[in-house]
Amino acid sequence: MASEALGSVGVFVAILGGTLRGSVPFLFVSLGECLTEKSGKINLGLEGTLLTGAMSAYAVSFLLQGKLGSGLAPWIGVMASGLAGLCLGFIHAWLSQQRRVNDIAVGIAMIIFGSGVAFFLGKSFIQPKAPQLPTLDLGFWSTVPAVQSALKISPLFLFGMALAPVMHWFFRSTRWGLIVRAVGDSPDAALAMGISIPKVRMISIMVGSLFAGIGGSGLSLYYPGIWSENISSGQGLMAVALVIFARWNPIQCLWASLFFGGAQALGPALQAVGIDQGRYLFNAIPYLLTLVIMVLTCSPRKTLTGAPGALGEKS
Amino acid sequence: MEFRIRRRRFIQLGSGVMIATVAHACSPSSPEAGESPSTSGEKPITMGFIYVGPKDDYGYNQAHAEGKEGASKLSFVKTVDQASVPETNEVQEVMRSMIEKDGATVLFPTSFGYFDPHILKLAKEYPDVQFFHCGGLYQADKHPKNVGSYFGYIDEGQYIAGIVAGLTTKTGKLGFIAAKPIPQVLRNINSYTLGARSVKPDVKTQLIITGNWSEPVKEAEAANSMADQGVDVITCHVDSPKVVMETAEKRGIFCTGYHANQSALAPKGYLTGAEWNWSGIYSSYAEKIKAGQTLMNGGIPHLLRGGLKDGYLTISAYGSQVSDAAKKAADAAKEKFLAGTMVVYKGELKDNQGKVIIPAGKEQLQQDPELEKMDWLVEGVIGSTGV
């Protein structure tokens, strides 16, 4: 009976479900960008990486299902998306470290390049149906289908959840983390320590891009589970802004991603119970939040706490 | 000094953005030329088709692309098309290049948002080229003579799908995921609801508007939210119904399709659907133009409309879950549409605010231009058209 209509409780279930489902791309892209920015570089191109990742994961999963079966193929797809991210990351890292090259401009070019590659190669994968990643049904205890569905969690989400504290620990307590931070905060000091700045930045950008690619596989192989040219609808860019919101702290990236994932679900969930006043506003919430964060945090007079000292400066 | 550096950085950034935007605007590939079956010495008629999304999206664009394929089978027709053209100045450039480079004399820019200002602007520039827009925006007194519009009463298909949905739902709640509250969309929502309520008067349709033609995440979110609220049959009016159909199937509820046949996406839950059948329409345009008829000389009507009877649409084959009673009721309605005796909008009809839209005893036939200005939702729809 409870399944018939959950009413206003249903809104919370829907937002909870939306948060768990929709935050995967935000989480991976923001963690990737966090790593990149900690090393002092900005990679705006992660929107393109997200799309390329989504496309390659879907394509590989679809093409390999006959050979490997639909259980293993999506996992190879996830790996392919990471690999695609790694390649795009390499291009960005190489270009943006050339003399007198601006990493914002390269990033914008990479958005167009990444999405162009994805659209071009993805044309023939719009229609077919690729095998999807399995989900963990944590809602088995409930008899309410809505709750069961909301708690169908992707292993990717759990992986992302685990990645955030690991990254936090990595930055705070490991030697390598210190090296990345040193390169991002004070390249001169890092140089004096005998660290190769280009090498560290190259690795940071590539690994960050790998994460973003995996985030893309979450879009195409988990939720919403298709490949289409509008699949990301700007989530990659929002996730980049989200890193500023999270003050370059991986744990806060996690919370911010959950928040943005939930904000996406708000509009449809409210309309489903008949609240459609201010529908455009609800639908615009993720974008509005991004804008507000940018306005609040981008003051020319003060630097942000937590911002890597050499972020975006020319090497 | 400080200022100068900043300014220089600003210019660098600014030019980066500019270049990026320009590059983006030019990025899609040039129009793909179709096969050119110019057999005899006669000059073929070149028809250009422009779609807002990919050609195999299981939806609106696929329906048009299939229509184009149909027309290109005619020996005297040469077709060019381009997919994924946004509703911006870019579509003007695409139209221009089809006219100038490919020699297109007939254009079918199929997306709703191409019309104003893009088609209107180009139509003034090229008075000899005929522009046919899919939709209901053409007004004889305002718009150029070489612009025409065509559209099908696909709401007839939605009415029939509504009947099937109404007789299938157990909870009495249907769901409709719509892109934008424009007349064509509202008409589908209303006809769907009227169809369902014609067989089960207490059925309600929950409406969710996503705000744009292609929003995969929001569409999936909307379908999930509706399933959470006990909706057990979902349909939609978005460019690509793929996500909606797949999500419905995942949640174990029913769905009815739109634009094209989506039964392959939801083998268990797909009931039926309203599909476009453009190839006949595009071919008949080509025949007329070959015979020397044009929009300008009055040979082709500026407004071309039709429904089931005229071959503008078809109904998907019934899914396995459709009961015999539902099949019978739906077939009966279909017969009436084919015979031209069905009236969907007749009094007394109230909107969902309780206001009488069509008084008792009056009826609005499918051809009635009033119906193309629809800005209300019929009684039984939960939702609103405004903000």
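**Exercise 1. List the residues of the aromatic cluster that includes B:F49.**

Solution. Work in this predicted model. Start at B:F49 and collect its cluster partners in chain order. They are B:F108, B:F132, B:Y150, B:F151, B:W276, B:W278, B:Y282, B:Y285 and B:Y312. Together with B:F49 they form one aromatic cluster. For context, the structure holds 26 aromatic pairs over all chains.

**Exercise 2. Classify the pair B:F49 and B:Y282, then say what it ties together.**

Solution. Step one: take the distance, 4.9 Å centre to centre. Pairing needs centres within 6.5 Å. Step two: take the angle, 70 degrees between the planes. Angles over 60 count as edge-to-face, so this pair is edge-to-face. Step three: place the residues. B:F49 is in strand 2 (residues 45-50) of chain B, and B:Y282 is in helix 9 (residues 278-290) of chain B. The pair therefore ties together parts that are 233 residues apart in sequence. Step four: check exposure. Both residues, B:F49 and B:Y282, are buried.

**Exercise 3. Classify the pair B:W278 and B:Y282.**

Solution. The centres are 6.1 Å apart and the planes differ by 25 degrees. Planes under 30 degrees apart count as stacked, so B:W278 and B:Y282 are stacked. Both lie in helix 9 of chain B, 4 residues apart, which is about one turn of the helix. B:W278 is buried, as is B:Y282.

**Exercise 4. Which rings have A:K38 and B:K290 over them?**

Solution. Take chain A. The charged end of A:K38 sits over the ring of A:F171, 5.3 Å from its centre. Now chain B. B:K290 lies over the face of B:F76, 4.9 Å from the ring centre.

Methods: Residues are numbered from 1 along each chain as its sequence is written. Chains are lettered from A and ligands numbered from 1 in the order in which they are written. This is a predicted model: local features need pLDDT of at least 70, side-chain atom pairs count only at pLDDT 80 or more; totals for chains, interfaces and linings use all residues. Side-chain values use heavy atoms; hydrogens and water are left out. Rings of Phe, Tyr and Trp (its six-membered ring) pair if their centres lie within 6.5 Å; planes under 30 degrees apart count as stacked, over 60 as edge-to-face and the rest as tilted. Helices (H or I, at least four residues) and strands (E, at least two) are DSSP runs, numbered from the N terminus. Buried means under 20% relative accessible area, exposed over 50%, partly exposed in between (1.4 Å probe, protein chains only). A charge sits over a ring if NZ of Lys or CZ of Arg is within 6 Å of the ring centre and within 35 degrees of the ring normal.
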